[in-house]
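Hello,

Here is the structure I promised to pass on to you. Have a look at it first, and my notes on what turned up follow just below.

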Amino acid sequence: MARELSKRRLRTDRLPFKKVNYQIIGFGLLSIVAGYFALAQEPWNGFFPLVVAPILLVLGYCVLIPLGILYRSKQEQNNLTSMPTDSSSQTPAS
């Protein structure tokens with residue numbers, strides 16, 4: 001039982017997304033919803049449907065959502081690069 005709890009605790013400590021990632025993804029979804037709302041405005045050949053809506057949709061789909069998925073803080077990147085490597089896999093130079 002204790003072993004199951006330690007495994008479960010290990011999984012929850014290492015979630016792939018942090019709060020910042022969810023915030024960026026949320027802004028991306030908000031941008032997408034605003035883009036579709038702007039797209040539905042009358043007249044169909046006006047400024048909002050033809051200019052603002054595509055900008056918001058591209059910003060949401062192509063910038064914010066991927067950024068939210070790929071973003072890592074600098075502190076987290078430093079922790080990954082400073083992890084010790086296995087010395088047995090290193091070969092001496094000859």
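Let me begin inside one of the helices: serine 31 has its place in helix α2. Please keep in mind throughout that this is a predicted model. Serine 31 is buried, because its relative accessible area is 8% and the limit for buried is under 20%. What does serine 31 touch, once its neighbours within four places in sequence are left aside? The partners are Leu56, Leu59, Gly60 and Leu64. For one of these, leucine 56, I also have a backbone distance: the C-alpha atoms of serine 31 and leucine 56 are separated by 5.6 Å, although the two residues stand 25 apart along the chain.

Those contacts lead straight to the helix pair. Helix α2 covers residues 19–39 and helix α3 covers residues 47–70. As a reminder, two packed helices are described by the angle between their axes and the distance between the axes. Here the axes of α2 and α3 come within 8 Å and cross at roughly 160 degrees. An angle over 145 degrees counts as roughly antiparallel, so α2 is roughly antiparallel to α3. The crossing in which α2 passes α3 is left-handed. What kinds of residue make up the contact of α2 with α3? It divides into 21 nonpolar residues, six polar ones and no charged ones.

Asparagine 21 is another residue of helix α2 that you may like to look at. Is asparagine 21 buried or exposed? Asparagine 21 counts as buried, because its relative accessibility is 3% and buried means under 20%. Not counting residues up to four places away in sequence, asparagine 21 touches Gly68, Ile69 and Tyr71. Its C-alpha atom lies 8.2 Å from that of leucine 70, with the two positions 49 residues apart in sequence terms.

Now for the loop between α2 and α3, where proline 43 is found. A cis peptide bond joins glutamate 42 and proline 43, with omega at about -10 degrees. Tryptophan 44 lies in that loop between α2 and α3 as well. Tryptophan 44 is exposed, because its relative accessible area of 66% is over 50%. Leaving aside its neighbours within four places in sequence, tryptophan 44 is in contact with Pro49 and Leu50.

How many aromatic pairs does the structure hold? There are two. In one, phenylalanine 17 and tyrosine 22 meet edge-to-face, at 5.7 Å centre to centre and with 85 degrees between the planes. Phenylalanine 17 counts as partly exposed, at 26% relative accessibility. The other pair, phenylalanine 47 with phenylalanine 48, is edge-to-face too, at 6.0 Å centre to centre and 75 degrees between the planes. Phenylalanine 47 is exposed, with a relative accessible area of 55%, whereas phenylalanine 48 is partly exposed, at 48%.

Finally, the overall picture. The protein chain has four helices and zero strands, and from the N terminus on its elements run α-α-α-α. Of its 94 residues, 18% count as buried; serine 31 and asparagine 21 are among the buried ones. Among contacts between residues at least 6 apart in sequence, 64% join residues at least 24 apart. The pairing of serine 31 with leucine 56, 25 residues apart along the chain, gives you a place to start when you open the model.

Happy viewing, and all the best

Note on methods: Residues are numbered from 1 along each chain as its sequence is written. This is a predicted model: local features need pLDDT of at least 70, side-chain atom pairs count only at pLDDT 80 or more; totals for chains, interfaces and linings use all residues. Side-chain values use heavy atoms; hydrogens and water are left out. Axes are lines fitted to C-alpha atoms, for helices over the stretch in contact, and angles run from 0 to 180 degrees between N-to-C directions. Helices (H or I, at least four residues) and strands (E, at least two) are DSSP runs, numbered from the N terminus. Angles under 35 degrees count as roughly parallel, over 145 as roughly antiparallel, 65 to 115 as roughly perpendicular and the rest as oblique. A crossing is left-handed if the near helix is turned anticlockwise from the far one by less than a right angle, and right-handed if clockwise. Ala, Val, Leu, Ile, Met, Phe, Trp, Tyr, Cys and Pro count as nonpolar, Asp, Glu, Lys and Arg as charged, and the others, Gly among them, as polar. Rings of Phe, Tyr and Trp (its six-membered ring) pair if their centres lie within 6.5 Å; planes under 30 degrees apart count as stacked, over 60 as edge-to-face and the rest as tilted. Buried means under 20% relative accessible area, exposed over 50%, partly exposed in between (1.4 Å probe, protein chains only). Contact means heavy atoms within 4.5 Å.
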